[in-house]
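Here are some exercises to try with the structure open on your screen. Have a go at each task before you read its solution.

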Amino acid sequence: MNYARFLTAVSAARKPSPIRVLTELQQRSPPSLISLAGGSPNPNTFPFQSASIKVKGGEALVMDEPLMKRALQYSGSYGIPELLSWMKDLQKSLHNPPTTGYSPERGQMEMCVTTGSQEGLCKIFEMLVNSGDNVLLDAPTYSGTLAALQPLGCNLINVASDQHGMIPADLRKILERWDPADAQKPGSSVPRVLYTIPNGGNPTGASMTCERKQEVYELARKYDFLIIEDDPYYFLQFQKPWAPTFLSMDVDSRVLRTDSFSKILSSGLRIGFVTGPKPLVERVVLHIQASTMHTSTFTQLMVSQLLHNWGPGGFLKHIDGVIEFYRSQRNTMLSSADKWLKDVAEWHPPMAGMFLWIKLKGIKDTQQLIMERALEKEVLLVPGGVFHINSSDPCPYVRAAFSLSTPQQIDEVQHIFTDIFINLFYIMPANSIY
Ligand code: PLP
Ligand code: PMP
């Protein structure tokens, strides 16, 4: 892999921030090291002293004074060592990427902690995407991805998808515009990046099959592009065994994977992680050095203590509980949709995540329906248009999240929604754009 050809000029120009390098060094040194280097403030002057955080059904997390001082201090940009090593072991056990060990041909897997996977994604895009570049993705897609990608001025190419995610045959057809032999040529317009959400897609709820991933991976090899696997709903897959990931099949080191703790530990703590080829993760870390410096040390220590107390078994047991909750919410959503929406809408049952993607029959666009009529009745869903590359394109879908509402509320929303929808047909001609 020649990673240099994937980098934007800005990313290629990044150099280590000298003081950040010293912080990394200090982090790995024995506590006896006397440092006049780092420019760290003295935590004795900070008002916070200690903390104890209760954990449901488990040991409390205790931050005594020395640990609290560490929590309040700068730390290395990759993440604190004990959290990173825990995450690396987790990635190896879940995905067993072929590049875990060093190999001159296949490179080496690297990881860093990010302030939520959104930070990782945004920095990955800024590392790889130039103005005018062709970027492959399966829209409708996560609006946060569009917010990070679109200002870069790239040309987003929409690969068709269905309830099993991106359709490899459509990807193949799109790629036939180019000669794979041109991919390595300077100035070539062959796409260098493909982005997808492989499980419980936001907003579609779609999950990609293993076969489709393999086909997409083979196309990535043929046309030499990178795959960005944005998988925040990986741990919210309702069926076991969980689907093999792109990372697990990455023999060339061409996958950048973003994971998130937002759906399983906390969304507000802002913590996620990037896994991928060392030369690329290094570039992301240089960007972190120059922007946020690192994810909150307090957050990292809190999460790290919890994960070490739990061990991998305790972590997966917690995940099982989370999955049970979302599965039950999904089932409530589906039975309520069956009850109220059967005649007016259609959908596919999601196998992961927290979204039901509902297509309203006989309607061209849902924006006004949601923003005016539904809001008037105090129910809110997301009009599907916001997930499209061109958000003003008419879209007959709405996204319903089943994460936060009680079963009663889920039922009530769909009942009210059906009323709104049926009333609409009394007052509007059925074919009008609405
Ligand atoms: N990617 C997708 C597909 C998402 O749905 C979300 C959150 O909604 C994110 C990334 C951002 O997650 P985080 O909270 O880890 O930044
Ligand atoms: N600007 C200057 C001049 C600084 O010295 C520092 C920290 N050493 C920063 C910005 C970054 O501060 P923060 O830790 O709030 O990101």
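**Exercise 1. Find the residue in β15 that is the bridge partner of Val382, then place the strands in their sheet.**

Step 1. Keep in mind that this is a predicted model. Go to Val382 and look across to β15: the bridge partner there is Arg399.

Step 2. Zoom out to the two strands. β14 pairs with β15, which covers residues 397-401, in the antiparallel sense, and the pairing runs over two bridges.

Step 3. Now take in the rest of the sheet. It is open, has four strands in the order β12-β13-β15-β14, and its pairing is antiparallel. At the edges sit β12 (345-346) and β14 (382-383), each pairing on one side only.

**Exercise 2. Work out the strand order of the seven-stranded open sheet, and say which helix α4 contact goes with it.**

Step 1. Trace the strands across. You should get β3-β11-β10-β9-β8-β4-β5, with mixed pairing.

Step 2. Pick out the edges: β3 (109-114) and β5 (155-158) are the strands that pair on one side only. On average, neighbouring strands here are turned by 20° against each other, ignoring direction.

Step 3. Check one pair inside the sheet. Strand β9 (residues 226-230) and strand β10 (residues 255-260) run parallel and are joined by four bridges. Ile227 is the residue standing opposite Val255 in β10.

Step 4. Add the helix. α4 packs on this sheet and touches β3, β10 and β11 (272-277). The direction of α4 makes about 125° with that of β3.

**Exercise 3. Describe how α4 packs against α10: what is the angle, and which residues meet?**

Step 1. Start with the geometry, remembering that two packed helices are described by the angle between their axes and the distance between the axes. Helix α4 (residues 81-95) and helix α10 (residues 297-340) pack at about 30°, and their axes are 9 Å apart.

Step 2. Classify the angle. Anything under 35 degrees counts as roughly parallel, so α4 is roughly parallel to α10. The crossing of α4 and α10 is left-handed.

Step 3. List who meets whom. From α4 come Glu82, Leu83, Trp86 and Leu90; their counterparts in α10 include Leu301, Leu307, Pro312 and Phe315.

Step 4. Sort the contact of α4 with α10 by class: eight nonpolar, four polar and one charged residues.

**Exercise 4. Do the same job for α7 and α8: are they roughly parallel or roughly perpendicular to each other?**

Step 1. Helix α7 (residues 168-175) packs on helix α8 (residues 210-223) at an angle of about 15°, with 9 Å between the axes.

Step 2. That angle is under the 35-degree cut-off, so α7 and α8 are roughly parallel to each other. Their crossing is left-handed.

Step 3. On the α7 side, the contact is made by Pro168, Leu171, Arg172 and Leu175; on the α8 side, by Arg212, Glu215, Val216, Leu219 and Tyr223. Split by class, the contact of α7 with α8 has six nonpolar, no polar and three charged residues.

**Exercise 5. Now try α5 and α9: at roughly what angle do their axes cross?**

Step 1. The axes of helix α5 (residues 117-128) and helix α9 (residues 278-290) cross at roughly 110° and come within 10 Å.

Step 2. Angles of 65 to 115 degrees count as roughly perpendicular, so that is the label for α5 and α9.

Step 3. Look at the side chains. Glu119, Lys123, Ile124, Glu126, Met127 and Leu128 of α5 meet Leu280, Arg283, Val284, His287 and Ile288 of α9. The classes in the contact of α5 with α9 are six nonpolar, one polar and four charged.

**Exercise 6. Hunt for backbone oddities in the loops: which peptide bonds into Pro140 and Pro241 do you find, cis or trans?**

Step 1. Go to the loop between β4 (134-137) and α6 (143-149), where Pro140 sits. The peptide bond from Ala139 to Pro140 is cis, with omega near 5°.

Step 2. Move to Pro241, in the loop between β9 and β10. The bond from Lys240 to Pro241 is cis as well, with omega near 0°.

Step 3. Finish at Asn96, in the loop between α4 and β3. Phi of Asn96 is near 35°, a positive value in a residue other than glycine.

Terms used:
Residues are numbered from 1 along each chain as its sequence is written. Chains are lettered from A and ligands numbered from 1 in the order in which they are written. This is a predicted model: local features need pLDDT of at least 70, side-chain atom pairs count only at pLDDT 80 or more; totals for chains, interfaces and linings use all residues. Side-chain values use heavy atoms; hydrogens and water are left out. Two strands pair if DSSP finds at least two bridges between them. Axes are lines fitted to C-alpha atoms, for helices over the stretch in contact, and angles run from 0 to 180 degrees between N-to-C directions. Angles under 35 degrees count as roughly parallel, over 145 as roughly antiparallel, 65 to 115 as roughly perpendicular and the rest as oblique. A crossing is left-handed if the near helix is turned anticlockwise from the far one by less than a right angle, and right-handed if clockwise. Contact means heavy atoms within 4.5 Å. Ala, Val, Leu, Ile, Met, Phe, Trp, Tyr, Cys and Pro count as nonpolar, Asp, Glu, Lys and Arg as charged, and the others, Gly among them, as polar.
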